[in-house]
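Biologist: I should like to discuss this model and the surroundings of its ligands. Could we begin with the structure itself?

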Amino acid sequence: MYNRGAFQEERFKIVDLSMKRFRRAPTLSVLALAAAFAASFFAAELRAQQDLAAAGQQKSTTCAACHGPDGNSVTTMWPSLAGQHTSYAVRQLQAYKDGERADPGMRGFAATLSEQDMLEISAYYAAQTISVKGADPALAVRGERIYRGGIPERGIAACIACHGPRGNGNPLSGYPRISHQHQDYLATTLRDYQSGARRSDATLNQMMRNVAELLLEDEIEALASYMQGLN
Ligand code: HEC
Ligand code: HEC
């Protein structure tokens, strides 16, 4: 015979059971699932980066003649690319192609590259390690003072605000790494911002031209030496 009371009781049991399972779920399955998802996401991301870099290495043989097979360049006038942020390097290659950076040699090389080539080669160099260099102690003290504090009375911003205490820059904001870069290249490119020969900061409110145009020649030399030795 149909027993209404027993039927209701059975239904409550079922509801109660599923509620228990529901309450336990976050501590077990959901967390495990989230962890597994995160792990596979990061593994896939890492693999994608490695694939990009491997393809970039194949395409970097022309570049290696000047920038070195591992991104440590051969002379002090040629910038090292090792450890430089991918997004920044890609933007510079585009700037050579578009004529926002004046170097005729680099303009020629950049013109032969597709967007994918630029991404792959830059990812390869970003994964390399830049060689550690020193600063001239006679210049570095003054360089450090400007790098860390700017020159407020002349409206010169502190470099540390964007390039960071260790000169690592910030890839998300488009700030390049400048530590251990060759001082000769650093000084030359600061003069290029000053003269307007380098306009690759056009989409970034001309922030480097605004800083560089206020610097005196001996301040450029001091800063370049300090940045080369920055650790
Ligand atoms: C003949 C030597 C030479 C070769 C080959 C060469 N470069 Fe360059 N590269 C330079 C010089 C010199 C500069 C700096 C020019 C300037 O002052 O703007 C430079 C600058 C760069 C920069 C900007 C670096 C920075 O810190 O802003 C990137 C990126 C770059 N090169 C990538 C490449 C890639 C990729 C290749 C190969 C397709 C390549 N270069 C081939 C000499 C070379
Ligand atoms: C407001 C942020 C900001 C400040 C402050 C700043 N920079 Fe920069 N710097 C940038 C950005 C952004 C770039 C890249 C611009 C481009 O794409 O040309 C850059 C590029 C450079 C480069 C070129 C690196 C290369 O590999 O070619 C040098 C050198 C440099 N900065 C030195 C300095 C020095 C020295 C100071 C202080 C006197 C300074 N910066 C202050 C944002 C800043």
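Biologist: Where in the predicted model is S114 found?

Modeller: The model is a predicted one. Helix α5 covers 104-111 and α6 covers 115-126. S114 therefore lies outside both helices, in the loop between α5 and α6.

Biologist: Does S114 count as buried or exposed?

Modeller: A residue counts as exposed if 12 or fewer other C-beta atoms lie within 10 Å of its own. S114 has 9 C-beta neighbours inside 10 Å, so S114 counts as exposed.

Biologist: What separation is there between the C-alpha atoms of S114 and Q94?

Modeller: Along the chain, S114 and Q94 are 20 residues apart. In space, their C-alpha atoms are separated by 9.6 Å.

Biologist: Which element gives the largest share of the shell around ligand 1?

Modeller: Around ligand 1 there are 21 residues, of which C63, C66, P79, Q92 and D103 come nearest. Two or more residues each come from α3 (61-67), α4 (86-98), α5 and α9. The largest share, five residues, is given by α3.

Biologist: How many residues of the shell around ligand 1 are nonpolar?

Modeller: In the shell around ligand 1, two residues are charged and six are polar. The nonpolar residues number 13.

Biologist: Which residues come nearest to ligand 2?

Modeller: The shell around ligand 2 divides into 17 nonpolar, five polar and two charged residues. At least two residues each are supplied by α8 (160-163), α9 (183-195) and α10 (207-212). Of the 24 residues around ligand 2, those that come nearest are A157, C159, C162, S200 and D201.

Technical notes. Residues numbered from 1 in each chain as written. Chains lettered and ligands numbered in written order. Predicted model: local features only at pLDDT ≥ 70, side-chain atom pairs only at ≥ 80, totals over all residues. Near = placed C-beta within 6 Å. Helix = DSSP H or I, 4+ residues; strand = E, 2+ residues; numbered from the N terminus. Nonpolar A, V, L, I, M, F, W, Y, C, P; charged D, E, K, R; others polar. Buried ≥ 20, exposed ≤ 12 C-beta atoms within 10 Å, placed from the backbone.
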